[in-house]
Amino acid sequence: MKTEQINIITLEPEKGKILTNGETYSYKVYLGVNDSPDNWWEISKEDVPQEENI
Amino acid sequence: MSTYFIDGDTMTGIADAVRDMRHETDLMTPAQIEAKIRASSLGIPIKISNHMVNGQWVRPQEYPDLDSITIPSDFDGMYLTYDLRKTPGYGWIGLYMQIDSTTSGKNTYFVERGHLDDGEFVVELQYEVARNSYFRQPLDDTYGDVQLWRVWSKGRILRKGFCPSSATSSEALINQMQPCVECVGRLNYLNNLVGTNASTSSIAQCTLWMERERIACSGLRSVASMTRTWSGCYSLQSLEIEDWPVDKWAVTTFNSVWTNCISLEKLDLSSWDVSGWAITSLADIWNGCRSLKTLNISTWDTSNWAITSLYRTWTQCTCLQKLDISNWDTENWAVTTLNSCWHNCASLQSLDLSKWDTSNWAVTNMGYTWYRCYCLKTLDVSTWDTEDWNVTSLVSTWNSCYSLEELDMSNWDTSNWTVTEADYIWYCCYSLKSLDVSTWDTSGWNVTSLISTWNACFSLEELDISSWNTSSWTVTDADYTFYSCYSLKSLDISDWDLSNWTATTFTGFLGELYSLESLLLPKNKTFSSSYLVPNFSKLQNFDGVSININHSYNAAYSLTIQSLVKIMTALPTVTSQTLTLGNNKNKLTSAELAVATQKGWTVA
């Protein structure tokens, strides 16, 4: 039997908010091993550019 | 507003603009002057239209160079019309008349500017010029944009021309003497030519200026060369040469015969027996016949020809709707040059070449062969034997064949080809639904450029090029290769070897493939181009290249779990990049997502 523990840092915004790093917009983010939560922040949905697909 | 051609398209409209800036509102055109002369007793019209080629007036050797012309007793002179709109701000009248004073006792000829009044030529200005000497004067446009001049002599003219003969003239002088656009005169002698060579006996030169005259050539025997016979006959509208005794000729050179006959509308050569000819080149024969609507050459027996060049044969025949050459016997041909053969046959609707025997051909260049055949719906070349060909260029071969619906070349043997240029081959084949090149052997090719090869094949649903061997290709530029193939449902180039490619940007390589459901790309190389990411809503099945920069599949919401897993697996290790999956994230487990995050990818 092979057992593996998966550690993924996930970020989820508060209700009515969305996450962005300035380029990408997402309701949920799985951080890469070298990424930091500090690189992402919440904005309101209304502030997402209209052309962005989320 | 009228349009005037001078040297193709470049000067079109300039003359109009110049005229508009001037004060003439009801200018009499050369054609109107000709009509008045025709209606009068002044002369039988023969039109001479000089022209420019590449910005230079054509040399005067195109003027009749007959050794001796006896002027008929009722000779009234030649009437020259100079259209200064075609030479804005620049115009000269230049003449040279060689007069036989021993016969006539006259030592002069007269050059007169004038106008027509009730069918009579009214002299406004007269020059008396010594025989065998040049006459040259600038044309003063204050006397009108279209000027009428008359040249006459009571003496026997031995040689005449608008310019000095080539043996004695200076190039600079020649270039300054060519604004004359038309000549109207009583020149019946031109109908009774005797000679042995269509190119040098002045058939060409005579018909060069005729618009619709009939040429009797019963005196021509043993013609060997017809090269450039009517080349540059810009005004020639029709040519009645059906009864020429070409069966008695042994023509060996036939290229450029009707080049740039831009006004020629009909050419019926069905009665020509050309079976005894031994020509090797059809290059440029009808190149630039922009008005040609009817070309009847279907009955020609070409079996004894040994054609090596079809270079630009029908290029720019933009009005030609039908071209029946289906029964031409090409078995003994050894064509090496096919490029631009039907280039810009913009009205041609079908072309049946299925019976052409190409087994002895050794084509090396197919660039632009059917380029801009906008209306071509059917093209049957499926039976062509291409085994001995060594094609190096396919640039724009079918570029802008907007209407072409099917192209079956599955039987073509391309194993001996060494194609290096593959740009724009099927660019803008909007209607092409079927393109069978699946069996092409491309292993000997060394393609360096794939720019827009299938770009804008809007209707193409299938394209099987999966077995193409690209291992020896050294592509440096692959921008827009499959761009806007809106109907393409699947594309498999997974076995393509890109290891020697140095292309990096791939701009538009997979752009706007909105119908794409399955895409298999090579996996043996990592790229830093988001243009290789198929972010299309209908895409379900995908496996392909690894990308090491931020990229997104958020619009490809039909991707299967298996495809998403393959994407995760193909990701290279990076320091910190973002893979945007949008709702595709929800299809994956944490373990599957961790494949990406462990390699430094933040999945959004």
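Biologist: In chain B, what share of the contacts with a separation of 6 or more comes from residues 24 or more positions apart?
Modeller: This is a predicted model, where local features need pLDDT of at least 70, side-chain atom pairs count only at pLDDT 80 or more, and totals for chains, interfaces and linings use all residues. Residues are numbered from 1 along each chain as written, chains are lettered from A and ligands numbered from 1 in written order, and side-chain values use heavy atoms, without hydrogens and water. Contact means heavy atoms within 4.5 Å. For contacts in chain B with a separation of 6 or more, the share from residues 24 or more positions apart is 79%.

Biologist: What percentage of the residues in chain B is buried?
Modeller: Buried means under 20% relative accessible area, exposed over 50%, partly exposed in between (1.4 Å probe, protein chains only). Chain B has 604 residues, and the buried part is 55%.

Biologist: How many helices and strands does chain B have?
Modeller: Both are DSSP runs, numbered from the N terminus: helices are H or I with at least four residues, strands are E with at least two. By that rule chain B comes to 7 helices and 25 strands.

Biologist: Which strand holds both B:Thr578 and B:Thr580, and are they buried or exposed?
Modeller: The strand is β24, residues 577-580 of chain B, and B:Thr578 lies in β24 too. B:Thr578 has a relative accessible area of 7%, so it is buried. B:Thr580 is at 9%, and therefore also counts as buried. In short, the strand is β24 and both residues are buried.

Biologist: Which chain A residues does B:Thr578 contact?
Modeller: Neighbours within four places in sequence are left aside. Its partners in chain B include B:Trp601 and B:Thr602. B:Thr580 touches A:Thr24 across the interface. For B:Thr578, the chain A partners are A:Asn21, A:Thr24 and A:Trp40.

Biologist: Why do the buried residues of α7(B) lie on the same side of the helix?
Modeller: Helix α7 spans residues 590-597 of chain B, and its buried residues are B:Leu593, B:Ala594, B:Ala596 and B:Thr597. The arc is that of the directions from the helix axis to the C-beta atoms. These residues are on the same side because they cover an arc of only 155°.

Biologist: Which element of chain A packs against the buried residues of α7(B)?
Modeller: Two elements of chain B take part, α6 (561-570) and β25 (601-603). The chain A element is β4 (29-30).

Biologist: Which residues of α6(B) are exposed?
Modeller: The buried residues of α6(B) are B:Ser563, B:Leu564, B:Ile567 and B:Met568. Their arc is only 145°, which puts them on the same side of α6(B). On the other side, the exposed residues are B:Gln562 and B:Thr569.

Biologist: What area is buried between chain B and chain A?
Modeller: Buried area is the accessible area (1.4 Å probe) that two parts lose on being put together, summed over both. The contact takes 22 residues from chain B and 18 residues from chain A. B:Lys585, B:Thr597 and B:Thr602 supply 28% of the area that chain B buries there. Carbon and sulfur atoms give 56% of the buried area, which is about 1,400 Å².

Biologist: How many salt bridges and polar contact pairs cross the interface of chain B and chain A?
Modeller: A salt bridge needs a side-chain nitrogen of Lys or Arg within 4 Å of a carboxyl oxygen of Asp or Glu. A polar contact is a pair of N or O atoms within 3.5 Å; within protein, one must be able to donate a hydrogen and the other to accept it, and residues adjacent in sequence count only if both atoms are side-chain atoms. Polar pairs also need both residues at pLDDT 80 or more. The rule finds 0 salt bridges and, for residue pairs in polar contact, 9.
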